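Visitor: I'm new to this one. Could you show it to me and walk me through it?

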Amino acid sequence: MEIQRFHHVAYRCRDARETVEWYRRHLGMDFVLAIAEDQVPSTKAPDPYMHVFLDAGGGNVLAFFELPNSPPMGRDGNTPAWVQHIAFKVGSVAELEAAKARLEADGIEVVGVTDHTIFRSIYFHDPNGHRLELAADTATPEQSKRLDEAKWAMLEEWSHTKRAPRHAAWMHEKEFVQVGTGA
């Protein structure tokens, strides 16, 4: 078996119409499908829902469920708010900066531009409280190669120690970033 791409990734929303309109307006996603049922197909539970699907680019689909008979939306209180997010790739840092300006002009609070050495990103929230990220890759071939070569050793060390391995500490050391990126 070979995974080809995401068929869809689904999250909950407070209001399906508001969510579709927000993603169309702010992220340019097309509304591609709506499914509504009074019974959950997989469990046969009587639970009406609206399931909306948005084109996230590259054949990937972002979907949302509005569940009017369920308790209000919440989040996992044991997981820091910055952890759970949806990240979308954009084509360049210039596109990222333009998106930041548009979002802020529409009154949306944006964190960043954050420099992660191998990409830059901004963070903001949709009307449901989901944290979103737009990211523009900036890695040099050398940086990508170094990270690829270190990934298994990093995972192995983390598995045993639960401490951040130092294999990629260079990403946050100013000297390498300046030399490695030509900055």
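Visitor: In what order do the 4 strands of the open sheet stand?
Guide: Keep in mind that we're looking at a predicted model. The pairing in this open sheet is mixed. Reading across its 4 strands, the order is 1-4-3-2.

Visitor: And which strands stand at the edges, each with a single partner strand?
Guide: Look for the strands that have one side left without a neighbour in the sheet. Having a single partner strand each, these edge strands are strand 1 and strand 2 (31-39).

Visitor: By how many degrees are neighbouring strands of this sheet turned against each other on average?
Guide: Ignore the direction of the strands for this one. On average, the turn between neighbours comes to 20 degrees.

Visitor: How many bridges join strand 2 to strand 3?
Guide: Strand 3 covers residues 46-55, and the two strands run antiparallel. One spot to look at is Q39, with P46 of strand 3 standing opposite. The number of bridges joining strand 2 to strand 3 is 7.

Visitor: Which strands does helix 1 lie across?
Guide: Helix 1 is made of residues 16-27, and it runs at about 10 degrees to strand 3. Strand 3 is one of the strands it lies across; the full set is strand 1, strand 2, strand 3 and strand 4 (61-66).

Visitor: Let's move along the chain. What is the bridge partner of V111 in strand 7?
Guide: Strand 6 (residues 111-115) pairs with strand 7 (residues 119-125) in the antiparallel sense, over 3 bridges. Their hairpin has 3 residues between the strands, and T117 takes a positive phi near 70 degrees there. As for V111, the partner in strand 7 is Y123.

Visitor: Is K100 buried or exposed?
Guide: You'll find K100 in helix 2 (residues 93-105). Leaving out residues up to four places away in sequence, K100 touches V110, G112, V113 and I122. The relative accessible area of K100 is 18%, and the cut-off is under 20%, so K100 counts as buried.

Visitor: Which residues lie nearest the centre of the largest pocket?
Guide: About 340 Å³ of space lies in that pocket. Strand 1 (9-13) and strand 5 (85-90) each supply at least two residues of the lining. Of the 14 lining residues, those nearest the centre are G74, R75, Q84, G129 and H130.

Visitor: How many polar residues does the lining of the largest pocket have?
Guide: Split the lining by class: 4 residues are nonpolar and 3 are charged. The count for the polar class is 7.

Notes: Residues numbered from 1 in each chain as written. Predicted model: local features only at pLDDT ≥ 70, side-chain atom pairs only at ≥ 80, totals over all residues. Heavy atoms only, no water. 1 Å grid on protein atoms, 1.4 Å probe; cavity = no way out; pocket = protein on both sides within 12 Å on 5 of 7 lines; lining within 4 Å. Points joined across faces, edges and corners; volume = space filled by probe spheres on them. Nonpolar A, V, L, I, M, F, W, Y, C, P; charged D, E, K, R; others polar. Buried < 20%, exposed > 50% of the residue type's maximum accessible area, 1.4 Å probe, protein only. Contact = heavy atoms within 4.5 Å. Pairing = 2+ DSSP bridges. Axes fitted to C-alpha atoms, helices over the stretch in contact; angles between N-to-C directions.
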